[in-house]
Amino acid sequence: MLSVDPSIETVDDSFLRAFLSMTNWLRALLVFGALAVSFSSMAQSLPEGAIQEGSLANQKLIQDAMAGVLVTVASQGCEKPEEFVPYVREMPSGEVGTRVWRELWIVEGCGDSYPIKLRFQESGAGAANWIIE
(Lines give C-alpha, C1' and ligand atoms only; values in the text may rest on other atoms or scores of the structure.)
Protein backbone atom coordinates (compact mmCIF):
# COMPACT_ATOMS: atom_id res chain seq x y z
CA MET A 1 0.00 0.00 0.00
CA LEU A 2 1.21 3.47 -0.89
CA SER A 3 1.27 6.17 1.76
CA VAL A 4 1.17 9.89 0.98
CA ASP A 5 3.03 12.45 3.04
CA PRO A 6 0.61 15.38 3.70
CA SER A 7 3.42 17.96 3.66
CA ILE A 8 4.27 17.03 0.07
CA GLU A 9 0.65 17.51 -1.00
CA THR A 10 0.69 21.06 0.39
CA VAL A 11 3.90 21.92 -1.41
CA ASP A 12 2.59 20.45 -4.66
CA ASP A 13 -0.73 22.27 -4.22
CA SER A 14 0.95 25.66 -3.68
CA PHE A 15 3.28 25.00 -6.61
CA LEU A 16 0.28 24.19 -8.80
CA ARG A 17 -1.51 27.38 -7.72
CA ALA A 18 1.59 29.46 -8.43
CA PHE A 19 2.03 27.78 -11.80
CA LEU A 20 -1.62 28.42 -12.75
CA SER A 21 -1.36 32.01 -11.56
CA MET A 22 1.76 32.55 -13.67
CA THR A 23 0.10 30.87 -16.65
CA ASN A 24 -2.87 33.26 -16.39
CA TRP A 25 -0.47 36.20 -16.07
CA LEU A 26 1.46 35.07 -19.17
CA ARG A 27 -1.79 34.57 -21.07
CA ALA A 28 -2.87 38.13 -20.18
CA LEU A 29 0.54 39.45 -21.18
CA LEU A 30 0.32 37.72 -24.56
CA VAL A 31 -3.16 39.14 -25.20
CA PHE A 32 -1.95 42.63 -24.27
CA GLY A 33 1.11 42.21 -26.51
CA ALA A 34 -1.04 41.14 -29.44
CA LEU A 35 -3.24 44.21 -28.98
CA ALA A 36 -0.20 46.48 -28.76
CA VAL A 37 1.22 45.02 -31.98
CA SER A 38 -2.16 45.41 -33.66
CA PHE A 39 -2.46 49.09 -32.66
CA SER A 40 1.18 49.70 -33.60
CA SER A 41 0.73 48.22 -37.07
CA MET A 42 -2.45 50.25 -37.54
CA ALA A 43 -0.60 53.44 -36.62
CA GLN A 44 2.18 52.61 -39.08
CA SER A 45 -0.02 51.47 -41.94
CA LEU A 46 0.68 52.85 -45.38
CA PRO A 47 -1.66 55.30 -47.12
CA GLU A 48 -3.82 53.88 -49.88
CA GLY A 49 -1.76 53.19 -52.98
CA ALA A 50 1.62 53.29 -51.19
CA ILE A 51 3.90 50.26 -51.21
CA GLN A 52 6.65 51.51 -48.87
CA GLU A 53 7.58 54.51 -46.78
CA GLY A 54 10.40 56.77 -47.98
CA SER A 55 11.51 58.31 -51.24
CA LEU A 56 13.66 56.91 -54.03
CA ALA A 57 14.74 60.43 -55.01
CA ASN A 58 18.10 61.84 -53.94
CA GLN A 59 18.28 65.00 -51.80
CA LYS A 60 18.69 67.34 -54.79
CA LEU A 61 15.66 65.89 -56.56
CA ILE A 62 13.62 66.07 -53.35
CA GLN A 63 14.57 69.76 -52.97
CA ASP A 64 13.64 70.48 -56.58
CA ALA A 65 10.29 68.68 -56.35
CA MET A 66 9.53 70.25 -52.97
CA ALA A 67 9.37 73.68 -54.60
CA GLY A 68 6.48 72.51 -56.76
CA VAL A 69 4.85 70.63 -53.91
CA LEU A 70 4.91 73.77 -51.72
CA VAL A 71 3.26 75.83 -54.48
CA THR A 72 0.58 73.14 -54.88
CA VAL A 73 -0.10 72.98 -51.13
CA ALA A 74 -0.21 76.80 -50.94
CA SER A 75 -2.78 76.84 -53.76
CA GLN A 76 -4.88 74.49 -51.61
CA GLY A 77 -4.82 76.95 -48.70
CA CYS A 78 -1.73 76.12 -46.62
CA GLU A 79 1.04 78.70 -46.76
CA LYS A 80 3.14 77.14 -43.97
CA PRO A 81 3.34 73.34 -44.15
CA GLU A 82 5.10 71.76 -41.19
CA GLU A 83 6.33 68.39 -42.47
CA PHE A 84 6.05 65.84 -45.23
CA VAL A 85 6.25 62.08 -45.32
CA PRO A 86 7.13 60.50 -48.68
CA TYR A 87 5.89 57.10 -49.82
CA VAL A 88 6.67 55.05 -52.93
CA ARG A 89 3.59 54.18 -55.01
CA GLU A 90 5.35 52.44 -57.88
CA MET A 91 8.88 51.05 -58.08
CA PRO A 92 11.14 52.15 -60.95
CA SER A 93 10.51 50.48 -64.27
CA GLY A 94 12.17 50.81 -67.66
CA GLU A 95 15.77 51.09 -68.84
CA VAL A 96 18.46 52.67 -66.67
CA GLY A 97 18.58 56.37 -67.52
CA THR A 98 14.90 56.49 -68.46
CA ARG A 99 13.30 54.69 -65.50
CA VAL A 100 9.99 55.99 -64.15
CA TRP A 101 8.61 55.71 -60.61
CA ARG A 102 5.78 57.27 -58.63
CA GLU A 103 5.58 58.62 -55.12
CA LEU A 104 2.98 60.03 -52.76
CA TRP A 105 4.09 62.83 -50.48
CA ILE A 106 1.79 63.55 -47.54
CA VAL A 107 2.29 67.16 -46.51
CA GLU A 108 1.03 68.06 -43.02
CA GLY A 109 0.24 71.60 -41.98
CA CYS A 110 -2.42 74.19 -41.29
CA GLY A 111 -4.44 71.53 -39.48
CA ASP A 112 -4.79 69.33 -42.54
CA SER A 113 -3.09 66.70 -44.72
CA TYR A 114 -2.30 67.26 -48.36
CA PRO A 115 -1.59 64.11 -50.42
CA ILE A 116 0.55 65.04 -53.43
CA LYS A 117 1.17 62.45 -56.16
CA LEU A 118 4.44 62.78 -58.07
CA ARG A 119 5.91 61.04 -61.10
CA PHE A 120 9.69 60.91 -61.47
CA GLN A 121 11.58 60.01 -64.64
CA GLU A 122 15.31 59.63 -65.06
CA SER A 123 16.78 61.84 -67.72
CA GLY A 124 20.13 60.29 -68.52
CA ALA A 125 22.85 59.44 -66.01
CA GLY A 126 22.41 61.18 -62.65
CA ALA A 127 19.48 63.37 -63.68
CA ALA A 128 15.70 63.13 -63.29
CA ASN A 129 12.58 65.18 -63.85
CA TRP A 130 9.42 65.30 -61.80
CA ILE A 131 5.80 66.23 -62.36
CA ILE A 132 2.86 66.55 -60.00
CA GLU A 133 0.11 64.27 -61.25
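This is a short talk about the fold, the sheet, a few chosen residues and the largest pocket of one protein.

Hi everyone, thanks for coming. One thing before we start: what you see is a predicted model. Let me begin with the overall picture and then walk along the sheet.

The protein has 133 residues, and 22% of them are buried. Its secondary structure comes to 2 helices and 5 strands. If you read from the N terminus, the elements come in the order α-β-α-β-β-β-β. The accessible surface is about 9,500 Å², and carbon and sulfur atoms account for 60% of that. As for how the chain folds back on itself, take the contacts between residues at least 6 apart in sequence: 50% of these join residues at least 24 apart.

Now to the sheet. In what order do the strands lie? The order is β1-β2-β3-β4-β5, in an open sheet of 5 strands with antiparallel pairing. β1 and β5 stand at the edges with a single partner strand each, so one side of each has no neighbour in the sheet. As a reminder for those who don't look at sheets every day, strands pair through backbone hydrogen bonds, either parallel or antiparallel.

Let's go across it, starting at β1. This strand covers residues 52-53, and 2 bridges join it to β2, which spans residues 83-93. If you want a place to click, Glu53 has Tyr87 in β2 as its bridge partner.

From β2 we step to β3, residues 100-109, and here the antiparallel pairing runs over 8 bridges. Glu90 is a handy marker, standing opposite Arg102 in β3. β2 and β3 make a hairpin with 6 residues between them, and in that turn Gly94 has a positive phi of about 105°.

Next comes β4, residues 112-122, joined to β3 by 10 antiparallel bridges. Near the turn, Gly109 has Asp112 in β4 as its bridge partner. This hairpin has 2 residues between its strands.

One residue in that turn is worth a pause. Which residue in the turn has a positive phi? It is Cys110, with a phi of about 55°. Cys110 lies in the loop between β3 and β4, and its positive phi is found here in a residue other than glycine. For context, most residues other than glycine have a negative phi. Is Cys110 buried, exposed or partly exposed? Its relative accessibility is 42%, so Cys110 counts as partly exposed.

The last step takes us from β4 to β5, which run antiparallel and are joined by 5 bridges. Here Arg119 stands opposite Ile131 in β5. These two strands also form a hairpin, this one with 5 residues between them, and Gly124 in the turn has a positive phi of about 85°.

While we are on β5, let's look at how it meets a helix. Trp130 lies in this strand and is partly exposed, at a relative accessible area of 30%. What does Trp130 touch, leaving aside neighbours within four places in sequence? Its contacts are Leu61, Asp64, Ala65, Gly68, Leu118, Arg119 and Phe120. Trp130 can also be placed against Val100: the two are 30 residues apart in sequence, and their C-alpha atoms are 9.6 Å apart.

Take Gly68 from that contact list and turn the view around. Gly68 is found in helix α2, and because its relative accessible area is 14%, under the 20% cut-off, it counts as buried. Not counting residues up to four places away in sequence, Gly68 touches Trp130 and Ile132. Gly68 and Ile132 are 64 residues apart in sequence, yet their C-alpha atoms are 7.7 Å apart.

Finally, the pocket. The largest one has a volume of about 230 Å³. Its lining is made of 14 residues, and those nearest its centre are Asn58, Leu61, Trp101, Ala127 and Ala128. Which element gives the most to the lining? That is helix α2, residues 59-75, with 3 residues. By type, the lining divides into 7 nonpolar, 3 polar and 4 charged residues.

If you take one picture away, let it be the open antiparallel sheet of 5 strands, with Trp130 in contact with Gly68. Thanks for listening!

Note on methods. Residues are numbered from 1 along each chain as its sequence is written. This is a predicted model: local features need pLDDT of at least 70, side-chain atom pairs count only at pLDDT 80 or more; totals for chains, interfaces and linings use all residues. Side-chain values use heavy atoms; hydrogens and water are left out. Two strands pair if DSSP finds at least two bridges between them. Helices (H or I, at least four residues) and strands (E, at least two) are DSSP runs, numbered from the N terminus. Buried means under 20% relative accessible area, exposed over 50%, partly exposed in between (1.4 Å probe, protein chains only). Contact means heavy atoms within 4.5 Å. Accessible areas come from the Shrake-Rupley method with a 1.4 Å probe; for residues, only the protein chains shown count as cover. On a 1 Å grid over the protein atoms alone, a cavity is a set of points where a 1.4 Å probe fits but cannot get out, and a pocket is an open set with protein on both sides within 12 Å along at least five of seven lines; lining residues have an atom within 4 Å of a point. Grid points are joined across faces, edges and corners, and a volume is the space filled by probe spheres set on the points. Ala, Val, Leu, Ile, Met, Phe, Trp, Tyr, Cys and Pro count as nonpolar, Asp, Glu, Lys and Arg as charged, and the others, Gly among them, as polar.
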